Structure formats: C-alpha cells, structure tokens
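Student: I would like to learn how to read the features of a structure one at a time. Where should we begin?

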Amino acid sequence: MLLIEAKDYNDMSRKAANIISAQVIMKPHAVLGLATGSTPVGAYKQLVEWYNKGDLDFANVTSVNLDEYKGLSPENDQSYRYFMNTNLFNHVNINKERTFVPNGLEPDSEKACAAYNEIIRSVGGIDLQLLGLGNNGHIGFNEPAKEFTHTTYKVALTQSTLDANKRFFPDSDMPRYALTMGIDSIMQAKRIVLIATGAAKAQAVRDMIRGAVSPECPASILQNHADVHIFLDREAAKLL
C-alpha cells in the first residue's frame with residue numbers, strides 16, 4: 001500500500017484525480033472502475049476541469065461502476081447511474097454506451113449479476129478501480145461478513161450503511177438491497193485508488209491498514225493487493 005495524506009478534502013481529491021488522469025493519458029482505452037457517494041465528487045469535479053482545459057480525453061475510455069441500488073431506475077435521482085451522469089459523464093466526451101452500471105431493475109438478481117460479471121470480463125478487466133470507504137470498512141457494498149465475497153451479487157445493506165446513506169433519501173424509503181461487485185472482482189483490478197475523508201472514517205482506515213485481514217473489515221483485503229494508492233485527509237488519518 002502507498003499511503004498519501006493530504007492537507008484537506010480538496011487536496012485529496014486533486015491527488016486522486018491525478019492518478020486517474022495519468023491512467024487515461026497513459027492508456028487512452030483504459031477501463032476505469034468508478035465509485036459513487038459524496039467522497040469521489042471532488043475527484044470527478046477535478047477530472048471535468050482538466051477535460052475542459054483540454055488536458056484529458058475520455059473518448060476511448062470504458063467505465064464499470066461498483067454498484068447500484070436494487071429497484072432504482074437510471075432516471076431516479078438517487079440511482080448511481082444518475083449520479084455518474086450528473087457528476088462526470090454528462091461533462092466529458094465519454095461514450096455512454098461504454099459506461100456500465102449494474103441493472104437494478106432486472107427482477108432476476110442472479111441474471112443481472114451474471115450479466116455484469118460478463119461485462120467486466122468482456123472489456124478486459126479493470127485497469128484502475130476507484131473506491132470509497134464505509135464507516136464500517138465496507139468497499140462497494142461489501143459489508144462486514146463471515147467470509148469475503150466473490151463476483152457481483154445481491155447484498156442486503158446493513159443498518160450502518162442505511163444510516164450513513166439515509167440523508168440521500170429525504171422523501172422516500174431507502175432501498176434495502178443493492179447489486180455490487182464482490183471482493184474478488186475488485187481485487188482483480190490492476191491498480192486500486194481508495195479515498196477517505198473525515199473523522200468518521202478514521203477507525204475504518206486504521207482497521208484497513210493496521211488491522212488483520214478479515215471479512216469483518218472488507219477493506220482490509222487491500223493489504224494483499226500489489227498496487228494500492230490510499231489518499232486520506234488529516235482527519236481520516238488521525239488514528240494511524
């Protein structure tokens with residue numbers, strides 16, 4: 001693991017965006033694994049800024065997102081497809097036909113998950129996977145469990161995750177299930193970039209980096225990956 005402590009959220013976002021932009025510049029046909037939530041918004045904003053300056057070209061990039069809520073349509077403003085369109089895809093020249101998100105509307109979750117696994121395989125795997133970190137150590141929607149997960153699957157969200165995300169659903173009930181890449185799918189990415197900010201993530205950061213590798217802290221598996229960049233602000237890093 002390469003650990004980089006930033007001055008603040010904006011500095012962290014720029015540093016993470018720099019790694020992503022370098023991937024796109026070095027490999028214009030790169031496959032990016034993308035994350036949602038509040039943490040990566042700053043990195044996406046920076047990528048859009050560099051695109052607008054002519055420094056980045058997404059024309060040949062493919063993306064695969066980590067997860068999607070079960071039952072939300074792409075038009076729902078809380079869906080992760082909507083999030084990606086709003087925060088990145090609508091503002092750069094990426095071909096949306098090569099941007100993939102799990103199909104949360106497919107009634108047969110096993111079918112949806114198998115289809116997503118095939119998409120990841122067909123695009124040649126992920127060159128760089130961006131991750132956030134949950135307060136309970138989850139990555140994607142891989143929650144603390146008795147064993148590590150494998151490929152894309154349907155997951156019941158824990159109360160900790162429901163509590164953390166309920167602010168995004170002020171007028172409706174939050175979905176209780178999601179489709180997410182499994183740990184094996186994430187670990188097969190050639191490079192992983194994880195970003196975490198704020199004091200609420202400090203214990204999860206410590207468990208991820210200093211704790212035992214255990215499915216009780218899913219992010220701890222990253223200790224076994226050969227190429228991981230972890231970007232933290234000072235508050236997230238305070239227990240290290």
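Tutor: Begin with empty space. A cavity is a set of grid points where a 1.4 Å probe fits but cannot get out, and its volume is the space filled by probe spheres set on the points. The model here is predicted. Its largest cavity has a volume of about 40 Å³.

Student: How many cavities of 30 Å³ or more are counted?

Tutor: The count is 1 cavity.

Student: Which residues line the largest cavity?

Tutor: The lining is made by Asn142, Glu143, Glu147, Phe148, Thr149, Ile183, Pro215 and Pro218. Sorted by character, these lining residues are 4 nonpolar, 2 polar and 2 charged.

Student: How much space lies in the largest pocket?

Tutor: A pocket, unlike a cavity, is an open set of points. The largest pocket here holds about 700 Å³ of space. It is lined by 32 residues, and those closest to its centre are Thr36, Gly37, Ser38, Asn165 and Phe168. Strand E4 (67-69), helix H3 (80-87) and helix H5 (159-165) are the elements that give two or more residues to this lining. H5 provides the largest share, 4 residues.

Student: How does the lining of the largest pocket divide into nonpolar, polar and charged?

Tutor: It has 12 nonpolar, 16 polar and 4 charged residues.

Student: Next, the sheets. What is the order of the open sheet of 7 strands?

Tutor: Two strands pair if at least two bridges are found between them. Following such pairs across the sheet gives the order E1-E10-E9-E6-E2-E3-E5, with parallel pairing. Strand E1 (2-5) and strand E5 (99-100) are the edge strands, each pairing on one side only.

Student: How many bridges join E1 to strand E10?

Tutor: There are 4 bridges between E1 and E10 (residues 228-232), and the two strands run parallel. Within this pair, Glu5 has Leu232 in E10 as its bridge partner. A helix also packs on the sheet: H4 (residues 109-122) touches strand E3 (62-65) and E5, and its direction makes about 150° with that of E3.

Student: With which strands does E6 pair?

Tutor: Strand E2 (residues 31-34) pairs with E6 in the parallel sense over 2 bridges, and E6 pairs with strand E9 (residues 191-196), also in the parallel sense, over 4 bridges. Gln129 of E6 shows both contacts of the strand: Gly33 stands opposite Gln129, and Gln129 stands opposite Ile192 in E9.

Student: Which way do the side chains of E6 point, and are they buried or exposed?

Tutor: In strand E6 (residues 128-131), Leu128 and Leu130 point one way, while Gln129 and Leu131 point the other way. All four are buried.

Student: What is the order of the open sheet of 3 strands?

Tutor: The order is E4-E8-E7, and the pairing is antiparallel. Its edge strands are E4 and strand E7 (153-156), each of which pairs on one side only. From one strand to the next, the twist averages 30°. E7 is joined to strand E8 (residues 177-180) by 4 bridges. In that pairing, Tyr153 has Thr180 in E8 as its bridge partner.

Student: Now single residues. Is Ser13 buried or exposed?

Tutor: Buried means under 20% relative accessible area. Ser13 has 4% relative accessibility, so Ser13 counts as buried. Ser13 lies in helix H1 (residues 9-26). Beyond its neighbours within four places in sequence, Ser13 is in contact with Gly42 and Ala43.

Student: Why does Asn93 count as partly exposed?

Tutor: Partly exposed covers the range between buried, under 20%, and exposed, over 50%. Asn93 counts as partly exposed because its relative accessibility is 29%. Its place is in the loop between H3 and E5. With neighbours within four places in sequence left aside, Asn93 is in contact with Tyr51, Asp57, Phe58 and Ala59. Asn93 and Asn60 are 33 residues apart along the chain, and their C-alpha atoms are separated by 8.9 Å.

Student: Where is Asp227 found?

Tutor: Asp227 is in the loop between helix H7 (202-210) and E10. With a relative accessible area of 22%, Asp227 is partly exposed. Not counting residues up to four places away in sequence, Asp227 touches Lys190, Arg191 and Ile192. Asp227 and Ala204 are 23 residues apart in sequence, and 20 Å apart in space from C-alpha to C-alpha.

Note on methods: Residues numbered from 1 in each chain as written. Predicted model: local features only at pLDDT ≥ 70, side-chain atom pairs only at ≥ 80, totals over all residues. Heavy atoms only, no water. 1 Å grid on protein atoms, 1.4 Å probe; cavity = no way out; pocket = protein on both sides within 12 Å on 5 of 7 lines; lining within 4 Å. Nonpolar A, V, L, I, M, F, W, Y, C, P; charged D, E, K, R; others polar. Axes fitted to C-alpha atoms, helices over the stretch in contact; angles between N-to-C directions. Buried < 20%, exposed > 50% of the residue type's maximum accessible area, 1.4 Å probe, protein only. Contact = heavy atoms within 4.5 Å.
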